[in-house]
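Student: Could you take me through one part of this structure up close, and then show me how that part sits in the rest? I'd like one connected walk rather than a list.

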Amino acid sequence: MDGPAQRKENLNLPAPAMTVAQRSNLSPMTARAYTAWRRRSLSLLAGQPFDLAREERLFLTQCAPQRGGWWLDAGTSTGFYAEVLARAGCRVLAADLSPAMLAEAARQHPHPGIDWAALNVEDSALPDASFDGVTVGATLNETHDPARFLRGVARVLRPGGQVWLMYLRRTGGPVQGVLAHPAAGGLTFPDPAWVARQLPGLHLAHGLTVGAVRFERHVKTTAGRHTAS
Ligand SMILES: C[S@@+](CC[C@H](N)C(=O)[O-])C[C@H]1O[C@@H](n2cnc3c(N)ncnc32)[C@H](O)[C@@H]1O
């Protein structure tokens, strides 16, 4: 006997679209190499010495995360911000699309304050208005749909909560043009004014540009205006 009619033969959901950069992060080899690159990358991109200790100081000075606070590290890779937050006494959900990155991060930072989670921040089932803060270390450059990603971040933030962004801003240079091509990475280099427009209901509390690198702290002022779609 025939079963109930179905609209499609293949009932599997389509695989989520991923940029080449996102797919490259699924590789265990990329995960193993990432920390070495991360140590040097800001100095190269900022055009001046900018080590992880300086980035950590900047973040802690601007955001002053409170002990016991509940933070999401969105696109944690090998866990740099997750570990800084855990050392500051916060509880952290460190999320990434890449199980390989999460495995490497958990190996490097076996901190009891960190939970590691494989999820897509663009389309997560995390509860609304639940986090005191969200860190986004360059994930904005790699994610498939940065506007959707920022909506997903804003949605999970509680009123009064803060978002810390570190990203490569648009410089208009030829290298960025190549890396933005879908076949060469599909990276996005957002303009700070565009980023601010994607975060209605948040205000920019601090912004710092160092070469191509942009740091921003946004604070959520209103509730309920964000629905990830
Ligand atoms: C540039 S790395 C992030 C580095 C890390 N935040 C840091 O500060 O060292 C980007 C990471 O975000 C992850 N990623 C990209 N898009 C994502 C998404 N939509 N949701 C969750 N993780 C994502 C990638 O797998 C990759 O590990």
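**A close look at Ala138 and its surroundings**

Tutor: Let's start with Ala138, which counts as buried because 20 other C-beta atoms lie within 10 Å, and 20 is just what the cut-off for buried asks for. Keep in mind that this is a predicted model. Ala138 sits in the loop between β4 (131-137) and α6 (139-142). Its backbone deserves a look too: Ala138 has a positive phi of about 70°, although it is not a glycine. Most residues other than glycine have a negative phi.

There's another alanine to set beside it. Ala64 also isn't a glycine and has a positive phi, of about 40°. You'll find Ala64 in the loop between α3 (52-63) and β1 (70-74). What about burial? Ala64 is exposed, because its count is 11 other C-beta atoms within 10 Å, and the cut-off for exposed is 12 or fewer.

Now back to β4, the strand that leads into the Ala138 loop. β4 runs parallel to β5 (residues 157-168), and 6 bridges join the two. One pair to pick out on screen is Val136, whose bridge partner in β5 is Leu165.

Zoom out and β4 and β5 turn up side by side in an open sheet of 7 strands, ordered β3-β2-β1-β4-β5-β7-β6, with mixed pairing. At the edges are β3 (114-118) and β6 (202-210), each pairing on one side only. From one strand to the next, the twist averages 15°. Over by the β3 edge, helix α5 (residues 99-108) lies across β2 (91-96) and β3, and runs at about 165° to β3.

On to α7 (residues 146-156): is this helix enclosed or open? It is largely enclosed by the rest of the structure, because 9 of its 11 residues are buried. Among the buried ones are Pro146, Phe149 and Leu150, along with two arginines, Arg151 and Arg155. Gly152, Val153, Ala154 and Val156 are on that list as well. As for what surrounds them, the buried residues of α7 pack against β1, β4, α6, β5, β6 and β7 (213-220). That brings us back to where we began, since β4 and α6 are the two elements on either side of the Ala138 loop.

For the whole chain, the tally is 9 helices and 7 strands. Of its 229 residues, 38% count as buried. Among contacts with a separation of 6 or more, 64% come from residues 24 or more positions apart.

How values were computed: Residues numbered from 1 in each chain as written. Predicted model: local features only at pLDDT ≥ 70, side-chain atom pairs only at ≥ 80, totals over all residues. Helix = DSSP H or I, 4+ residues; strand = E, 2+ residues; numbered from the N terminus. Pairing = 2+ DSSP bridges. Axes fitted to C-alpha atoms, helices over the stretch in contact; angles between N-to-C directions. Contact = placed C-beta atoms within 7 Å.
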